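Hi everyone, thanks for coming. Could you put the model up on the screen, please? I'll talk you through a few spots in it.

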Amino acid sequence: MNNDKGYFESSEFRELLAKYENSIKLGMSIYFGIDEFVDLLSYYLSIDKSEEAENVLEAAKRLHPTAPENTKMEIRLLLYAGEARKALELFKELKYIEEAEMLTIKAEIMVALRDFKQAHDIAIELLQKSMPGQESIYEGLEILLDCGFALDALEICETALKAAPQQTSLYEVKAECLIELQRINEAVRIYNKLLDSNPYSTFYWEQLGHIYYMVKKFGKSLECFEYESAINEDIEYANMMQAYCYYHLRDYSSAKKLFATLADKYRNTVTPIFYIGLCHYYEGKIEEAITAFDIAIGNAQEGTISMMLARINKAILLDLSGEQSVADDAMSMALLMHPDNMKQLVLTEKRLYDLRDKENLTFDDMNIIETKEWNTEETLYRLGVHLVKHNHLTLGKRVLNYCRDICYDKSDVDAYLAYILWNTDKKEQALEAIENALDGRSNELFELFDIPYNANISSTSFIEQIKQKESSN
């Protein structure tokens, strides 16, 4: 397998790819070497075309039924599909392959199993056995990066570059290390230098564009992805990233055109139609936005964050339109079928939720969602707070009541419920929530009603102060 990421752009690989895809299109049986099949499978996985990768494996098995590379390719497909345990069982069947490659495959499986200590130890062993200039150095460094040891990888990478200063892949890894460490200017300098040598590398333009995207320099990011598209207009990733950039730059018309092209091509996809809904909302087209989120809900799988966020956004829009009963039903479904991982609910800088994946996260997003493990109680509480802050009080009440049942410390939830009940003319019901929040020493209660904190205040005195503030206003 060729691990140089620029290899897929080379004329050598492009000829191989054209030859293979033409043979499929024409139904011809043409001979390909096992290493060529390995490269083809790697390429298809790199652009998220797993079905095409599976077809490559089947063709390889027909032409080279005894080749150990078939097992290695099958392991890679299992890892791509999230089947790390099955990959580990298949790994045990591997025989007669070079030691460095064996270590690399095992480490990749350990990373997928989140056994980062063992993966780290394998990576160090791999690096210690590597000679300057060998591809195994590159593999070991990538594994360290995957394990979260970016600083260690950077130090080793810089040492390796002293011994092999012309090895392009090492500069690529160094840039990846710097990105992980959020040393952005240094990474940008590396990619600009690489582009000076290879200005038609879509990979380098893509990496540079992604760096700018992560630091919210969307204008610069857009320019990079436009260059990538100019070099190869068939790269859909570049089109998708341009659409995200236009969205953040508030050019909703341009964003919708690109998202619509992707939505038309992939009829059952969620993300493009989800963002079309967001664009409609920011253009003031509420009904069109609701329709788009309905389509997204129809396309999404139950129990996914995309389904939940589409339902939440729909509920918010219905509430804005005065359809509180229907909005409440939509929010009920979002809560009833919520996924295990809801950490995107803590990203609350806008009224409606954006849908994130690994490609469109910014560093600001990552610094919030990756600082800790967000549990169900915390994420649902954040959702409830978000709804209250945007004056969706009825929806917030439903979420916070749901959240209260699973909370260990209910005092802040009671504070928000008290605020909601008081401001929706349910003052008698608010009394119990106020008492609960005071008993739990919730300072949030005082913040919500704009009253100085007093640990010894009674609920009666608290309510009197609320009434005094209201009458003075």
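Let's start with a bit of vocabulary: a residue is called buried under 20% relative accessible area, exposed over 50%, and partly exposed in between, with a 1.4 Å probe and protein chains only as cover. Take alanine 455: its relative accessible area is 34%, so it counts as partly exposed. Alanine 455 sits in the loop between α25 (443-449) and α26 (459-472). Helices here are DSSP runs of H or I with at least four residues, strands are E runs of at least two, and numbering goes from the N terminus. If you go from alanine 455 to lysine 216, which is 239 residues apart along the chain, the C-alpha atoms are separated by 43 Å.

Two housekeeping points. This is a predicted model, so local features need pLDDT of at least 70 and side-chain atom pairs count only at pLDDT 80 or more, while totals for chains, interfaces and linings use all residues. Residues are numbered from 1 along each chain as its sequence is written, and side-chain values use heavy atoms, leaving out hydrogens and water.

Now the overall picture. The protein has 26 helices and zero strands. Its C-alpha trace spans about 85 × 45 × 45 Å along the principal axes. Of the 473 residues, 49% are buried.

What's inside? A nonpolar core, in this talk, is a set of buried Ala, Val, Leu, Ile, Met, Phe, Trp, Tyr and Cys residues joined through side-chain atoms within 4.5 Å. The largest one has 87 residues, and Ile312, Met331, Leu345, Leu445 and Phe462 touch the most other members. Helix α18 (residues 305-320) gives this core its largest share, 10 residues. Then there's a second, separate core of 63 residues, with Ala100 and Cys177 among them.

Let's zoom in on helix α23, residues 411-423. How far apart should its ends be? At 1.5 Å a residue, its 13 residues should span 18 Å, and the end C-alpha atoms are indeed 18 Å apart. (The expected span is 1.5 Å times one less than the number of residues.) This helix is mostly covered, with 10 of 13 residues buried, including Tyr416, Leu417 and Trp422. Those buried residues pack against α21 (376-389), α22 (393-404), α24 (427-439), α25 and α26.

After α23 comes aspartate 425, which has a positive phi, near 60°. Is aspartate 425 buried or exposed? Exposed, with a relative accessible area of 67%. Its side chain meets that of lysine 427 in a salt bridge, 3.6 Å from N to O. By salt bridge I mean a side-chain nitrogen of Lys or Arg within 4 Å of a carboxyl oxygen of Asp or Glu. Lysine 427 is partly exposed, at 33%.

Elsewhere, Lys256, Glu283 and Lys285 are joined into one network by salt bridges that share partners. How many salt bridges does the structure hold? There are 21. Another one pairs lysine 61 with glutamate 74, at 3.5 Å from N to O. Lysine 61 is in helix α3 (residues 50-63) and glutamate 74 in helix α4 (residues 68-80), so the pair ties together parts that are 13 residues apart in sequence. Both partners are partly exposed: lysine 61 at 31% and glutamate 74 at 28%.

That's my tour, thanks for listening!

Note on methods. Contact means heavy atoms within 4.5 Å.
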